[in-house]
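Colleague: Hey, I'm new to this one. Could you walk me through a few spots once it's on screen?

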Amino acid sequence: MKKYNIIAAMALGAGALAGCADTDIDVYQVEKPQSVADYEYLDNYAELKSYIDRSAHPNFLLGTGVGVADYNQKGLVYMLTNNNFDIMTAGNAMKYASVVSDDGSMNFSTVSEFVDNAEKAGIQIYGHTFCWHEQQNVKYLNRLIKDRELEIDPDASNEVEDAMQTYAGMTKFPYFVMGYEPAIIDGILTVSEYPGGWYQFFVADGLQFVEGREYKVTAKIRGSKPGSLNVQLGNWGALQEGKLEFTDEWSEASVKMAPMGVSNGFSVFQPGTYDGKLEIEWVKISHEEAPAIEVENEVTNKTYTDGPFPFYAMGCEPPVIDGCIHYVPDGGWHQFFILPGGENKLTEGNYVLYLDITSSKDASSGIQLTIQNGWGGDAQSVSTGVPVNAGQNTVRLKFNDLVGGDYDVILKPQTCDATLDVRSVRVCKVESMNTIPLTPEEKAEILEAEMERWIKGMMAATRGYVKAWDVVNEAISGGGGSRYDLQHAANDPNASTKFYWQDYLGDDFVRIPVKYARQYFEENGGNPDDLKLFINDYNLESDWDDNKKLKSLIEWINQWESDGMTKIDGIGSQLHISYYMNPETQKSKSEHVVKMLELMAATGKLVRITEFDMGLVDENGNDIPTAEVTLEQHKLMSDYYKFIIRKYFEIVPVAQQFGITFWCQTDAPENSGWRANQPVGIWDSGYNRKPAYAGIAEGLADKE
């Protein structure tokens, strides 16, 4: 009878790291389960990268995708990655949206830590990605190219108050003390007497600015004698200054400042050596704008059809009667949708909401309305009271500075005892007419500068250590003419959540990042000959169009390089595939993977499989979830991995063999955002080797 060591079973996860599980410890013995025996052969394999014949494939790099936070913890993922692979690709941390904040500031601290850890471990990093339409900070990029306000007519302008600081109700100076502390006397900021030397003090803090805008500082002030003081506005990194003159009578004295270079800060008054008494009642920050003409453009107009409550219920389901949501109080606390977010897609900006509502009595103090984009921690939720009188009302409610998204509108009668009938809800965006759109040339210039800023920052953070990049990701669409077109927002129903650089930069959107990647790689210590730039895309192995997407990409690369300056070093195929239990389908899929490798090799460029993973599809075309995959099916997938790797070595010339990266170390859990509940891993969710591990190892060994 076969015996099985219990501790050895527990060691299978560690075996993935060290090569073999420890089977020498004999604590006690039981009959070995068949399910364990079936997989025991996997313990005999070494680390994956050890199977590569480096003399036959000297430039080949075996890669994996990693979560940077997991790797930086230096735990299991760190050890598994370092032991089995030559190079790794960050899942998200090196993408634009992970680094660039809503105000445009860039934080490369996670990237720098990742690079430091990789360098110490002796493993390379593949950069992913410089230019893509997904995972961009759409809010910031759209703000860069928003309509420009018209020039202000100095003879026809309005003063807009940005901040007002009064000292009424204060008993003590509220700010950081810089050597001298004024008093607060009867709500007046007071310098009772000259302190005997040069002095300064805060008059306002926590101010918000629009960069590039000119501001005016006004103070209601008097001195014991006429004089002047220096005003500073901004923050310690960028201060604007101006001279404010005052008299010995209470008056409103002002000074206009140069355009601001920061988005937040404070104001400091510097009387210097003025030797009289000073009193300040308030300080105001303002700017001037041309008289704005605002219009309300309707976005949503929701009415109702008689019947049951039409939306998701939150404990309250008032019916629709005579075209109105009819709410009858029952003494409890209630809220209910009057407009779901899927029907109310809003972009960033200011809005007004018109609510047509009839009430059985005055109820202004009892009803709230909330507008919110989602329910998670990042959701924006804004609430306001609804002033409702007895009878029919059209209530106008303002919502400023919405960040954009799908906004639910929720009416909250709470404990109000009035009967309510909601007839309609109308949402309008408030837009200023004193603006003019930027020209296409202006937008292109701004976005090229932003692309340069982004690449410059990333290259500085990676300091020449990252020598290969997806310079552009997923550029090609899946249709159109004899050559597939570039992807564009116009063809994407979800374009509002993405940013298509090519819509503004044309096909130069590839040439531009290539240019800056080469420039700033060298400026940050990289050897120009070491830098390899790839165009990465998916469905290049497509059998339904006979690899037409890849053929189109190759034509586009020829066009981009026709300027004589742009050089694309390689093509990356994501190769997110499945093994099909239908033999005819699987035969077609296999043949077109081979065609893909042949087409890529024929370009003479480096060939890289960038995000290789594999699911499983039954004979009816349905994905098979991980828990239902049989050992026989696992071995079919293993053989397919081996087939593809060997075809790579067979078809791609040695000089063009950049490598293969496996995207999923482990199977995807049910809640995964990528191929959820599919058997895409080399290891299972417990980091035990799967038959895929054997297929990959044997494929890399490149021999029977």
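Modeller: Sure, starting with a strand pair: strand 10 and strand 15 (residues 264-272) pair in the antiparallel sense over seven bridges. Strands here are DSSP runs of E with at least two residues, numbered from the N terminus, while helices are runs of H or I with at least four. Two strands pair if DSSP finds at least two bridges between them. This is a predicted model, where local features need pLDDT of at least 70 and side-chain atom pairs count only at pLDDT 80 or more, while totals for chains, interfaces and linings use all residues. Residues are numbered from 1 along each chain as its sequence is written, and side-chain values use heavy atoms, with hydrogens and water left out.

Colleague: Okay, and what is the bridge partner of Phe202 in strand 15?

Modeller: Val268.

Colleague: In what order do the strands of that open sheet run?

Modeller: The order is 10-15-12-13, four strands with antiparallel pairing. Strand 10 (199-208) and strand 13 (238-246) are at the edges with a single partner strand each, so each has one side without a neighbour in the sheet. On average, neighbouring strands of this sheet are turned by 20° against each other, direction ignored. For that angle, axes are lines fitted to C-alpha atoms (for helices over the stretch in contact), and angles run from 0 to 180 degrees between N-to-C directions.

Colleague: Switching to charges. How many salt bridges are found in the whole structure?

Modeller: The search finds 39. To count, a side-chain nitrogen of Lys or Arg must be within 4 Å of a carboxyl oxygen of Asp or Glu.

Colleague: Why would such side chains pair at all?

Modeller: Side chains of opposite charge can do so when their charged atoms come close.

Colleague: Got an example? What does Lys243 bridge to?

Modeller: Lys243 bridges to Glu245, with the closest N and O atoms 3.9 Å apart. Lys243 counts as exposed because its relative accessibility is 54%, and Glu245 is exposed too, at 56%. The scale goes like this: buried is under 20% relative accessible area, exposed is over 50%, and partly exposed is in between (1.4 Å probe, protein chains only).

Colleague: And Asp569, which residue does its side chain meet in a salt bridge?

Modeller: Arg518, at 2.9 Å from N to O. That pair links distant parts of the chain, 51 residues apart: Asp569 is in the loop between helix 12 (548-561) and strand 32 (570-573), and Arg518 is in helix 11 (residues 508-523).

Colleague: Is Asp569 buried or exposed?

Modeller: Asp569 counts as buried, because its relative accessibility is 8%. Arg518 is partly exposed at 22%.

Colleague: Which residues are linked in a network of salt bridges?

Modeller: Asp507, Asp508, Arg511 and Asp563.

Colleague: New topic: where does Asn393 lie?

Modeller: In strand 25 (residues 391-402). Asn393 is buried, with a relative accessible area of 8%. A polar atom of its side chain lies 2.8 Å from the backbone oxygen of Gly391. Leaving aside neighbours within four places in sequence, Asn393 is in contact (heavy atoms within 4.5 Å) with Leu355, Asp356, Ile357, Ser359, Pro387 and Val388.

Colleague: Last one, what is Gln633 in contact with?

Modeller: With neighbours within four places in sequence left aside, Gln633 is in contact with Met581, Leu616, Ile624 and Glu628. Gln633 lies in helix 14 (residues 631-651) and is buried, at 13% relative accessible area.

How values were computed
A polar contact is a pair of N or O atoms within 3.5 Å; within protein, one must be able to donate a hydrogen and the other to accept it, and residues adjacent in sequence count only if both atoms are side-chain atoms.
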